[in-house]
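Here is a short report on selected side chains and ligand sites. Please view the sequence and the structure first.

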Amino acid sequence: MDNKKIIVFDTTLRDGEQAAGFRLGSEEKLEIAHQLAKLRVDVIEAGFPISSDEDFKAVQLISQEIDGPAIAALSRAVTQDIEACAKALADAKRPRIHTGIGVSDIHIVGKFRDSKYGTALDKKKERVFQMAVEAITTAKKYVDDVEFYAEDAGRADRDYLFRVIEGVIAAGATVVNIPDTTGYTVPEQFGALIRSIRENVPNIDKAVISVHCHNDLGMATINTLTGVKNGAQQVECTINGIGERAGNASLEEVVMSMHVRRDYFGLDTDIDIKELYQTSQMVARRFGIPVPPNKAVVGSNAFAHSSGIHVDGFLKSRETYEIMRPEDVGFPQSKLILTARSGRHALRHRLEGLGIKLTPEKLDKAYKRFLTIADKVQEVSSEMLVAIVEDEIPIVAERYHLEHLRVTSETGMTPTATVTIKVANELKQATSGGDGPVDATYKAINEAIGASIKLADFTIHAIASGADTLGEVTVKIRDGDDVIIGRGSSTDIIEASAKAYIDGLNKLASRKGA
Ligand code: KIV
Ligand code: ZN
């Protein structure tokens, strides 16, 4: 008998983004959406259009450009939100509006305090029921595919939950999402909740049951799996498990559990598991949230065997200590070492192995930079290559370009930086002192381009290859309410810092339409 197919709904760009504490630019979201389509997720939740212009734009762009997965947009059970979703999704081939409302007594009492919702709990619950049904009716005017989320279902009164679900399905909901919003339930309870919905909601066969679990007690993955074991047909996950607070169920863990343990679950997905590592890396870089080394499936140590007994067993027979192979999930396997003597062809081959396809002109640009780095570090690792490509082929148009940087720093002296920045074919120069060489550089850049940007965060990471390293700097810059990530790499960490800052400024300019 064929395994049952589970629908994979990815919410990295919506619930995942809530973890970042800032909004990704629409170009970055589009880049991730392309990768999610390559991963073959069934649904991409692209954003929450009413929440900001940038999110609206991201949903619109993804709807226009992405083929394959259905594109979902989130709304509260409010007409204005639903209309924003409908507008943003207008060009999607398979649009889905994801609307819903809090259904636990805690949410209803806490969120609907106003007496216009009624004063007694029963009256408020009645009003929430009506709002849920009305939201589906409104969304159905725009799209056929409407998903309802019963927020905080994990803590809701069961009979009320059954009634709401029956009501929204009768109004046309095609999917009912049962979120454990606070990550409160334990697997047996969550499984029983899904089973009870199947057994007690009379029209449940007219909709797909979806599970959406949070990781507050570290149980998002197991709760999701227990949900499907008990009859849910859709899983909602994020790449690397990023999301609100402790995050969401991690897509790679949920998918690989079903894959590796097909014997137990009897379930399949359409995910192209070879794309998991690449997707994980892209999300980590774009969100500025590194993957912990011990992260299941995609962490750098996930397949590293170090203790003597393990290594010995592994070398005799892989299966002794390995339940899946790194190449299955797309860990780069190439043993080809790239050095300054490697030609364009070797570079292109390695980049393609990393899922990066470049036009001949872009390959040329990357190759030139590769040669300068290879001269300094001897061997160029895959991680370095990704950083080089990101540096040389930025995701947004380059309004600002670092032409030259000179920094002097000496013990007991105030460091000084002089920068030359190319702005639309004009060269702007400035010199500034600062608390340190990086501070002086950022002040000089601000002065050269007349900006007053604030640095919100700065991290530096060494991408090592043998004894040689490439420094990669990630900055978060703040402009009013906007926070943007910039990234730059170089063998010189002050230059990497300047590049990261300028990358952030370019993204900010692109967001402002400059
Ligand atoms: O956790 C949650 O309840 C959600 C809903 C908005 C789907 O993210
Ligand atoms: Zn959530």
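Arg369 is buried in this predicted model. Its relative accessible area is 11%, which falls under the 20% limit for a buried residue. Arg369 is part of helix H15, residues 360-377. What does Arg369 touch, leaving aside residues up to four places away in sequence? The contacts are Ile388, Asp391, Glu392, Ser489, Ser490 and Lys499. Val389 sits 20 residues from Arg369 along the chain. The C-alpha atoms of Arg369 and Val389 are 8.7 Å apart.

**Zinc site and ligand 1**

Three residues supply the protein donors of the zinc ion (ligand 2): Asp15 through OD, His212 through NE2 and His214 through NE2. They lie 2.0 to 2.2 Å from the zinc ion. Along the chain, the donors follow the spacing D-x196-H-x1-H. Both His212 and His214 are buried.

The zinc donors Asp15, His212 and His214 also appear around ligand 1. The other residues around ligand 1 are Arg14, His98, Tyr149, Glu151, Asn177, Pro179 and Thr181. Side chains with an N or O atom facing an oxygen atom of ligand 1 include these:

| Side chain | Distance from an N or O atom to an oxygen atom of ligand 1 |
|---|---|
| Arg14 | 3.0 Å |
| Thr181 | 2.7 Å |
| His214 | 3.0 Å |

His214 therefore has two roles in this description, since donors are N, O and S atoms within 2.8 Å of the metal: it is a zinc donor through NE2, and its side chain has an N or O atom 3.0 Å from an oxygen atom of ligand 1.

**Aromatic rings**

The structure holds six aromatic pairs. One of them joins Tyr442 and Tyr501. Why does this pair count as stacked? The ring centres are 4.1 Å apart and the planes meet at 10°, and planes under 30 degrees apart count as stacked. Tyr442 lies in helix H17 (residues 437-449) and Tyr501 in helix H18 (residues 493-511), so the pair ties together parts that are 59 residues apart in sequence. Are these two rings on buried or exposed residues? Tyr442 is buried, at 5% relative accessible area. Tyr501 is buried too, at 1%.

Elsewhere, Tyr277, Phe303 and Phe331 make up one aromatic cluster.

**Lysines over rings**

Lys125 lies over the face of Tyr160, 5.0 Å from the ring centre. The charged end of Lys229 sits over the ring of Tyr264, at 4.2 Å from its centre.

Notes. Residues numbered from 1 in each chain as written. Chains lettered and ligands numbered in written order. Predicted model: local features only at pLDDT ≥ 70, side-chain atom pairs only at ≥ 80, totals over all residues. Heavy atoms only, no water. Donors = N, O, S within 2.8 Å, 3.2 Å for Na, K, Ca; no water. Buried < 20%, exposed > 50% of the residue type's maximum accessible area, 1.4 Å probe, protein only. Helix = DSSP H or I, 4+ residues; strand = E, 2+ residues; numbered from the N terminus. Contact = heavy atoms within 4.5 Å. Phe/Tyr/Trp six-rings, centres within 6.5 Å; stacked < 30°, edge-to-face > 60°. Lys NZ or Arg CZ within 6 Å of the ring centre and 35° of its normal. Near = heavy atom within 4 Å. Polar contact = N/O pair within 3.5 Å; in protein donor to acceptor, adjacent residues only side chain to side chain.
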